[in-house]
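Here's a quick briefing to read with the model open beside you. Take a look at the sequence and fold, then go through the points below.

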Amino acid sequence: MDKSRQPSGAPMHARIWLSTTQDGTEAGTPDAGGSNPSAGSHQPLVLLVEDNHINQVVALEFLALMGVQARLARNGIEALSACADTAPDLVLMDIQMPGMDGLECARRLRAQQREGKLPSFPILALTAHALDADVAASLEAGMDEHLTKPLDFVALRTRLQRWLKLPEPN
């Protein structure tokens, strides 16, 4: 991670991301969400559903480096609410979280899509669980792909490019 973009450490960094993506303002941050009003192209919105602070910071930094807007939900309940507020272009979903896990959340999101309450968008599992049974459970719950942690920048970018038009790297 580029330490020069983190003026006061990870907690401030996470707060900046949230304020940038939730209310549309940059809150005085230098290109926090990769947004450039003069760019004129759609910047993909990714909802990161993750309860671990370190994983949040890493994933949000990777998404920013890719020029993607990111919103954060800390569990499945927050993810359902965030999707109801503004449907994302893609969801990165942790599996094990308090309140509502990623599998149940994916099932509910897919049900809302079938009912016409939400538009279609890909859901990618993002988990440390890498057994064949884990992959099968993710796909059975309605997820489109299964990525494993620890998160790798190149692997994440490659997977996201399958589903989104990412901005060209600078």
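At 28% relative accessibility, Phe153 counts as partly exposed, because buried would need a value under 20% and exposed one over 50%. Keep in mind that this is a predicted model. The protein chain has six helices and five strands, and buried residues make up 46% of its 170 residues.

**Phe153 and its surroundings**
- Phe153 sits in helix 6.
- Leaving out residues up to four places away in sequence, Phe153 touches Phe62, Leu65 and Met66.
- Phe62 is 91 residues from Phe153 in sequence, yet their C-alpha atoms are 6.3 Å apart in space.
- Unlike the partly exposed Phe153, Phe62 is one of the buried residues of helix 2.

**Overall layout**
- If you read along the sequence, the pattern is α-β-α-β-α-β-α-β-α-β-α.
- Among contacts in the protein chain with a separation of 6 or more, 62% come from residues 24 or more positions apart.
- Strand 1, helix 2 and strand 2 form a β-α-β unit, and the unit is right-handed.
- Strands 1 and 2 run parallel and are joined by five bridges; one pairing puts Leu45 opposite its bridge partner Gln69 in strand 2.
- Strand 2 (residues 69-73) is mostly covered, with four of its five residues buried.

**Helix 2, end to end**
- How far apart are the end C-alpha atoms of helix 2 (residues 53-65)? They are 18 Å apart, and that agrees with the 18 Å its 13 residues should span at 1.5 Å a residue.
- At the N-terminal end, Asn52 acts as the cap of helix 2: one of its side-chain oxygens lies 3.0 Å from the backbone nitrogen of Ile54.
- Just after helix 2, Gly67 takes a positive phi of about 80°.
- The buried residues in helix 2 are Gln56, Val57, Ala59, Leu60, Glu61, Phe62, Leu63 and Ala64.
- Gln56 of helix 2 has a relative accessibility of 4%, so it counts as buried.
- Not counting residues up to four places away in sequence, Gln56 touches Leu48, Glu50, Asp51, Leu72 and Arg74.

**Nonpolar cores**
- The largest nonpolar core has 22 residues, and those with the most contacts inside it are Leu47, Val49, Val91, Met93, Leu109, Ile123 and Met143.
- Two or more residues each come from strand 1 (45-49), helix 3 (76-85), strand 3 (90-93), helix 4 (102-114) and strand 4 (123-127).
- A second, separate core has 20 residues, including Ala59, Phe62, Ala70 and Leu156.
- As background, nonpolar side chains tend to be buried together in soluble globular proteins.
- Back in the largest core, Val91 is one of the residues with the most contacts inside it; with residues up to four places away in sequence left out, Val91 touches Leu47, Val49, Cys83, Phe121, Pro122, Ile123 and Leu124.

**Arg110**
- Is Arg110 buried or exposed? At 12% relative accessibility, Arg110 counts as buried.
- Arg110 belongs to helix 4, and a polar atom of its side chain lies 2.7 Å from the backbone oxygen of Gly142.
- Gly142 also appears among the contacts of Arg110, next to Phe121, Pro122, Ile123, Ala141 and Asp144, once neighbours within four places in sequence are set aside.

**His146 and the loop after strand 5**
- His146 is in strand 5 (residues 145-148) and is buried, with a relative accessible area of 11%.
- Which side chain makes a polar contact of 2.8 Å with the side chain of His146? That partner is Ser138.
- A polar atom of the His146 side chain also lies 2.7 Å from the backbone oxygen of His129.
- Setting aside residues up to four places away in sequence, His146 touches Ala125, Thr127, His129, Ala130, Asp134, Val135, Ser138 and Arg159.
- Met93 is 53 residues away from His146 in sequence, and the C-alpha to C-alpha distance is 9.3 Å.
- Pro150 is in the loop between strand 5 and helix 6 (153-163).
- The peptide bond joining Lys149 and Pro150 is cis, with omega about 5°.

Note on methods. Residues numbered from 1 in each chain as written. Predicted model: local features only at pLDDT ≥ 70, side-chain atom pairs only at ≥ 80, totals over all residues. Heavy atoms only, no water. Buried < 20%, exposed > 50% of the residue type's maximum accessible area, 1.4 Å probe, protein only. Contact = heavy atoms within 4.5 Å. Polar contact = N/O pair within 3.5 Å; in protein donor to acceptor, adjacent residues only side chain to side chain. Core = buried A, V, L, I, M, F, W, Y, C linked by side-chain atoms within 4.5 Å. Expected span 1.5 Å × (residues − 1). Pairing = 2+ DSSP bridges. Right-handed = clockwise from strand over helix to strand, strands pointing away.
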